[in-house]
Amino acid sequence: MSQAALKRTPEAPEASESPAVRLRNVTVRFTTERGAVTALDRVSMTVARGGFLTLLGPSGCGKSTLLRVVSDLIPATSGEVEVMGASAAAAREARNIGFVFQDASLLAWRTALENVELPLEVGGGAEHRGARSPRELLALVGLSGREKAYPHELSGGMRQRVAIARALVNDPKLLLMDEPFGALDEITRDRLNVELLRVWENTGATILFVTHSIYEAAFLGQQVLLMAARPGRVREVVDVPLPTPRGVEQRETPQFVELTAHLRRVLETC
């Protein structure tokens with residue numbers, strides 16, 4: 001069984017430090033009208049704290065299901081799930097997990113700043129207020145001066161920036177992102193990829209990022225976890241040899257071209 005082990009610097013983590021995420025033989029089955037469906041089949045992976053892992057694979061391979069298991073939104077049928085040294089439920093209750101979906105899902109009647117503040121107003125969120133204020137987080141994602149704007153006054157890319165700031169407001173140690181830029185145009189997507197790497201460097205959060213884009217997976221990740229479908233399982237873990245910080249010009253390098261060609265070949269056999 002393949003495993004993914006990530007770190008942001010060449011130094012290995014302390015032996016006593018648990019990884020950000022550890023899955024051991026995780027299987028997820030759903031019951032449907034047509035019978036039982038296996039979404040994940042004995043998936044094992046380890047992600048060190050501070051890492052950036054991209055998940056790539058065909059539709060229906062269980063990428064989103066994997067994120068939902070890690071975030072405690074759905075239970076694993078069998079296997080072990082550990083997040084920040086504890087159960088996924090404990091990590092969620094401690095507000096150690098932030099989630100960004102493909103749809104920004106902002107409240108139309110609240111301003112950008114008020115949308116970012118929302119988690120602090122719900123379920124004791126204020127007790128887990130992060131080191132950065134909501135206003136500072138909007139500045140971090142490039143939205144200084146747009147604090148009073150309503151969602152309909154923002155572009156799709158801006159709305160996703162607000163969603164990222166909202167996910168960071170409790171200072172989570174783990175940020176899960178499920179195709180957050182999938183509906184955006186290519187230029188906006190490239191810009192947000194670069195900005196996301198800057199946010200990652202500034203926050204130190206561990207990021208698990210689901211995408212259908214080979215180029216996005218290779219550009220963002222320290223490693224790419226390739227998944228095969230029916231049932232979802234780990235096919236291969238590929239190291240990304242690109243240096244950091246990264247710019248879109250690196251997509252024209254021989255290293256990047258070779259990497260994306262390999263990812264494509266693997267996907268064609270999934």
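How many residues does helix H5 have, and how far does H5 reach from its first C-alpha to its last? In this predicted model, H5 covers residues 156-168, which gives 13 residues. The helix reaches 19 Å from end to end, close to the 18 Å expected at 1.5 Å a residue. H5 is mostly covered, with 10 of its 13 residues buried. Among them are Gly 157 and Gln 160. The run from Arg 161 through Val 162, Ala 163, Ile 164, Ala 165, Arg 166 and Ala 167 to Leu 168 is buried too. The buried residues of H5 pack against two strands, E5 (97-100) and E6 (174-178). They also pack against helices H3 (112-121), H4 (134-140) and H6 (186-203).

Helix H6 was examined next. Its 18 residues should span 26 Å at 1.5 Å a residue, and its end C-alpha atoms are 25 Å apart, which agrees. The buried residues of H6 include the charged side chains Arg 189, Asp 190 and Glu 195. Leu 192, Leu 196, Leu 197, Val 199 and Trp 200 are also buried, as are Thr 188 and Asn 193. The packing partners of these buried H6 residues include H4, H5 and E6. Strand E3 (52-56), strand E7 (206-211) and helix H7 (214-220) complete the set. H4 and E6 thus pack against buried residues of H5 and against buried residues of H6.

The chain as a whole has eight helices and nine strands. A compact globule of 270 residues would have a radius of gyration near 18 Å; the protein chain has 18 Å, which agrees. Its C-alpha trace spans about 50 × 45 × 45 Å along the principal axes. Buried residues make up 51% of the chain. Of the contacts with a separation of 6 or more, 73% join residues 24 or more positions apart. The exposed area is about 12,700 Å², and carbon and sulfur atoms supply 49% of it. Positive and negative side chains number 32 each. The centres of the two sets lie 3 Å apart.

Ala 39 illustrates contacts across the sequence. This residue is found in strand E2 (residues 35-47). Ala 39 counts as buried because its relative accessible area is 12%, and the limit is under 20%. Beyond four places in sequence, Ala 39 touches Val 28, Phe 30, Cys 61, Gly 62, Thr 65, Pro 231 and Gly 232. Ser 64 lies 25 residues from Ala 39 along the chain, and their C-alpha atoms are separated by 9.8 Å.

Pro 231, one of the residues touched by Ala 39, follows a cis peptide bond. The bond from Arg 230 to Pro 231 has omega near -10°. Pro 231 lies in the loop between strands E8 (223-228) and E9 (233-239). A cis peptide bond also joins Thr 244 and Pro 245, with omega about 0°. Pro 245 sits in the loop between E9 and helix H8 (254-267).

Backbone phi was also considered. Most residues other than glycine have a negative phi, and most peptide bonds are trans. Asn 25 is not a glycine, yet has a positive phi of about 50°. This residue is in strand E1 (residues 21-32) and is partly exposed, with a relative accessible area of 44%. Ser 105, likewise not a glycine, has a positive phi of about 50°. Ser 105 lies in the loop between E5 and H3. Its relative accessible area is 46%, so Ser 105 is partly exposed.

Definitions and conventions: Residues are numbered from 1 along each chain as its sequence is written. This is a predicted model: local features need pLDDT of at least 70, side-chain atom pairs count only at pLDDT 80 or more; totals for chains, interfaces and linings use all residues. Side-chain values use heavy atoms; hydrogens and water are left out. Helices (H or I, at least four residues) and strands (E, at least two) are DSSP runs, numbered from the N terminus. The expected span of a helix is 1.5 Å times one less than its number of residues. Buried means under 20% relative accessible area, exposed over 50%, partly exposed in between (1.4 Å probe, protein chains only). Contact means heavy atoms within 4.5 Å. The radius of gyration is taken over C-alpha atoms; the globule rule is 2.2 Å times the number of residues to the power 0.38. Accessible areas come from the Shrake-Rupley method with a 1.4 Å probe; for residues, only the protein chains shown count as cover. The place of a charge is taken as NZ of Lys, CZ of Arg, CG of Asp or CD of Glu.
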